[in-house]
Amino acid sequence: GKMTHASSLSLASATFNGYAQAAQVRISSAGKFLYVSNRGTANNISVFEVDLEGQLHLIQRIATGGKTPRNFNFSPDERFLLVANQDSNDIRLFKRDISTGRLKMTITKIKINKPVYVFPFN
């Protein structure tokens, strides 16, 4: 019933030359994967696996295909992730592997002016 600090993890690699600003954090419904959007010059999604002790392990960083990813949300079956890229005026669709948590960008790109929120589907 009480929150405590478990660890601190970087959203950027040790060789990254720029800055990352976390925006949205979501966890899969099974609690196995955690996703974080990184704005700034990073413009990516960091994917972490949550182990049985609750520790996070980075499994992927993937570009969002746009600038300033603000918010993202899962499709109802969690097989897709929609990312709102505010400064490139688009929403990008990613296919999500349910078993590994990994994302793969699709060719689907929805042009929309300054998207900042993807409404939950459920």
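Reader: What pattern does the protein follow along the sequence, and what makes a segment a strand?

Author: Read along the sequence, the pattern is β-β-β-β-β-β-β-β. Strands are DSSP runs of E with at least two residues, and helices are runs of H or I with at least four, numbered from the N terminus; the protein has 8 strands and 0 helices. The model is predicted: local features need pLDDT of at least 70 and side-chain atom pairs count only at pLDDT 80 or more, while totals for chains, interfaces and linings use all residues. Residues are numbered from 1 along each chain as its sequence is written, and side-chain values use heavy atoms, without hydrogens and water.

Reader: How do you know that the radius of gyration agrees with that of a compact globule?

Author: The rule, 2.2 Å times the number of residues to the power 0.38, is applied to a radius taken over C-alpha atoms. For 122 residues a value near 14 Å is expected, and the protein has 14 Å, therefore the two agree.

Reader: What makes the set with Phe33 and Tyr35 a nonpolar core?

Author: Such a core consists of buried Ala, Val, Leu, Ile, Met, Phe, Trp, Tyr and Cys residues joined through side-chain atoms within 4.5 Å, where buried means under 20% relative accessible area with a 1.4 Å probe, protein chains only. The largest has 11 residues, including Phe33, Tyr35, Ile45, Phe72 and Leu81. Strands S2 (33–38), S3 (44–50), S5 (69–74) and S6 (80–85) each give two or more residues to this core.

Reader: Which residues are in contact with Phe72, leaving aside neighbours within four places in sequence?

Author: Contact means heavy atoms within 4.5 Å; among the partners of Phe72 are Gln24, Arg26, Tyr35, Ile45, Leu81 and Val118.

Terms used:
Buried < 20%, exposed > 50% of the residue type's maximum accessible area, 1.4 Å probe, protein only.
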